[in-house]
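Please examine the following model with attention to its domains, its ligand site and its empty space.

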Amino acid sequence: MQPADLLLLKPMQRSVMDALAAAFTLHRADTAPDLDAFYREIGPRIRAMATGAQAPVDRALIERLPHLEIVASFGVGYDTIDVTAAAERGVVVTNTPDVLSDEVADLALGLLLATIREIPQADRYLRAGHWPTRTYPLTATLRGRHVGILGLGRIGRAIAHRLEGFGVTLSYHGRRRQEDVAYGFHPTLLEMAQAVDVLMIVAPGGPETNGIVNAEILQALGPEGIVVNVARGSLIDEPALIEALRSGTIHGAGLDVFATEPRVPEAFLGLDRVVLLPHVGSGSVHTREAMGRLVVDNLLSWFSGQGPLTPVPETPVGGHSAEAGR
Ligand code: 8YV
């Protein structure tokens with residue numbers, strides 16, 4: 001049987017490319033000299049797509065691929081994929097949950113501590129030769145803190161679990177109360193922001209959460225407030241955050257994600273009490289390999305008629321590959 005035609009919007013890591021090339025006929029949009037001609041010619045043959053957050057899959061693209069069955073996305077967040085358009089067409093969308101939860105949670109804890117205790121700043125201070133002249137200024141502390149987790153999903157829970165060992169008070173806000181956890185639930189983000197002094201952002205991106213961490217929320221967090229974001233930059237009103245940091249409305253921020261990556265607002269670079277990371281939450285060799293394997297395994301499972309392994313909730317599950325006659 002002919003291998004199925006698979007569209008790649010951007011190249012993926014070597015292990016994924018090799019595994020995909022062994023099982024599918026690959027078509028790379030990023031090397032096509034004329035994208036329109038490319039889609040006219042191969043669009044009707046494409047049955048699968050492998051992608052990631054950096055390569056959006058919108059309705060217009062889905063419409064150019066009339067025989068598309070599955071979009072396998074690298075990463076747990078899938079806010080750049082139009083899952084509604086995919087579902088309408090019966091196209092399955094998969095992501096890579098679970099395999100990255102511990103890695104991202106580890107990074108979130110590291111970023112929180114780095115922000116509160118100013119670890120990168122202290123490193124820079126030593127390197128600049130200031131230590132012999134003056135000891136590093138005393139910092140804020142995690143002691144006695146109340147951490148509010150925005151989005152108690154798989155990663156949020158892994159963060160909360162780690163934080164239990166740090167002796168802080170824990171609360172969360174999300175769409176609904178979760179009966180199997182003992183942390184305090186706040187029905188609104190504002191109420192949580194008023195109660196806590198650390199806001200840990202782990203909720204999905206997308207229209208529902210766009211800009212929800214705004215000036216009012218930052219004001220409610222207060223002058224000791226720390227914001228840590230390992231989710232999507234879109235959740236934060238960045239100009240409001242910059243203003244809150246400048247004016248001392250909050251104390252500091254640790255950011256792994258930004259609204260328009262890889263561009264980072266210049267204003268952040270000039271602020272002292274921010275720690276800035278280039279979206280590395282899941283970025284270890286170990287975890288990226290596991291994520292890549294899950295992208296490939298979802299595709300292989302689909303085309304062997306076993307269904308998707310990790311479909312997103314919006315996807316029309318129960319659908320199986322046409323190959324298997326269902
Ligand atoms: C991805 C992420 O690794 O999983 C996600 O949603 O944001 C990251 O873990 C990244 O999008 C891939 O480059």
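The report below treats the basis of the model, the domains, the ligand, the pocket and the cavity in turn.

## Basis of the model

This is a predicted model, in which local features need pLDDT of at least 70 and side-chain atom pairs count only at pLDDT 80 or more, whereas totals for chains, interfaces and linings use all residues. Residues are numbered from 1 along each chain as its sequence is written, and side-chain values use heavy atoms, with hydrogens and water left out.

## Domains

The chain is assigned domain 1 (5-99 + 286-303) and domain 2 (101-276); such bounds come from an automatic or database domain assignment. Taken over C-alpha atoms, the domain centres are 32 Å apart. Nine residues from domain 1 and seven residues from domain 2 take part in the contact, where contact means heavy atoms within 4.5 Å.

## Ligand site

The shell around the ligand (residues with a heavy atom within 4 Å of it) consists of A53, Q54, F74, G75, V76, G77, L100, R232, H279, S282, R288 and M291. By class, this shell has five nonpolar, five polar and two charged residues. Here Ala, Val, Leu, Ile, Met, Phe, Trp, Tyr, Cys and Pro count as nonpolar, Asp, Glu, Lys and Arg as charged, and the others, Gly among them, as polar.

Polar contacts are pairs of N or O atoms within 3.5 Å; within protein, one must be able to donate a hydrogen and the other to accept it, and residues adjacent in sequence count only if both atoms are side-chain atoms. Polar backbone atoms of V76 and G77 lie 2.7 Å and 2.8 Å, respectively, from an oxygen atom of the ligand. For R288, a polar side-chain atom is 3.3 Å from a ligand oxygen atom. The protein buries 90% of the 330 Å² that the ligand exposes when taken alone (Shrake-Rupley method, 1.4 Å probe; for residues, only the protein chains shown count as cover).

## Second largest pocket

A pocket is an open set of points on a 1 Å grid over the protein atoms alone, with protein on both sides within 12 Å along at least five of seven lines; a cavity is a set where a 1.4 Å probe fits but cannot get out, and lining residues have an atom within 4 Å of a point. Points are joined across faces, edges and corners, and a volume is the space filled by probe spheres set on them.

The second largest pocket holds about 460 Å³. Its lining comprises 19 residues, of which F258, A259, E261, P262 and H279 are the closest to its centre. Because domain 1 and domain 2 both contribute lining residues, this pocket lies between them.

## Cavity

One cavity of 30 Å³ or more is counted. The largest cavity has a volume of about 30 Å³ and is lined by N229, G233, I236, E238, L241, L255, V257, F258 and F268.
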